[in-house]
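Morning, everyone. Please have a look at the chain on the screen. I will take you through it briefly.

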Amino acid sequence: QVQLVESGGGLVQPGGSLRLSCVASGRTLSTNTMGWFRQAPGKEREFVAAIDWTNSDTDYADSVKGRFAISGDNAKNTVYLQMNSLKPEDTAVYSCAADASGRSLIFRSSWAYTYWGQGTQVTVSS
């Protein structure tokens, strides 16, 4: 029903920037909320940021607040994650997720999201 494809990951030095993209295709009418999650080796998946398209509400994890920004382009069915001032601890596989329930709420739990992309690797290292 909904396909999500991430891109934009790569290797960057500490303090650098990257912008991740998530292109949604298929039946996206009910995907009011989309989020970014990440998972580092040996750690559990954690919430990074999310956006509710119906009211432009956004939410960020404390660890990235002030450094990351989530945004979207409705015409392109694309969600972005601008990542600035990157730190080595930001290294992880970043995945895009969509809540297709039709809810207009932001959840930090991965259980709330129906569709997932395959992820894109972000490595922050000198």
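I will talk about a disulfide and then about a sheet. Keep in mind that this is a predicted model.

Disulfide to begin with. How many does a search of the whole structure find? One. The partners are cysteine 22 and cysteine 96. Their sulfur atoms sit 2.2 Å apart, and a pair counts as a disulfide within 2.5 Å. What is the handedness of this link? Left-handed, with -80 degrees about the S-S bond.

So what does the pair tie together? Cysteine 22 is in strand β3, residues 18-26, and cysteine 96 is in strand β9, residues 92-99, so the link joins parts 74 residues apart in sequence. Are these two cysteines buried or exposed? Both cysteine 22 and cysteine 96 are buried.

Now stay with β3, because that strand also takes us into the sheet: the order there is β1-β3-β8-β7. That is four strands, in an open sheet, with antiparallel pairing. Which strands stand at the edges? β1, residues 2-7, and β7, residues 68-73. Each has a single partner strand, so one side of each has no neighbour in the sheet. On average, neighbouring strands here are turned by 20 degrees against each other, direction ignored.

Let's zoom in on one pairing. β3 and β8, residues 78-83, run antiparallel to each other over six bridges. Take leucine 20 as an example: its bridge partner in β8 is leucine 81.

To recap: β3 holds cysteine 22 of the disulfide, and β3 also pairs with β8 in the sheet. Thanks.

How values were computed
Residues numbered from 1 in each chain as written. Predicted model: local features only at pLDDT ≥ 70, side-chain atom pairs only at ≥ 80, totals over all residues. Heavy atoms only, no water. Helix = DSSP H or I, 4+ residues; strand = E, 2+ residues; numbered from the N terminus. Buried < 20%, exposed > 50% of the residue type's maximum accessible area, 1.4 Å probe, protein only. Pairing = 2+ DSSP bridges. Axes fitted to C-alpha atoms, helices over the stretch in contact; angles between N-to-C directions.
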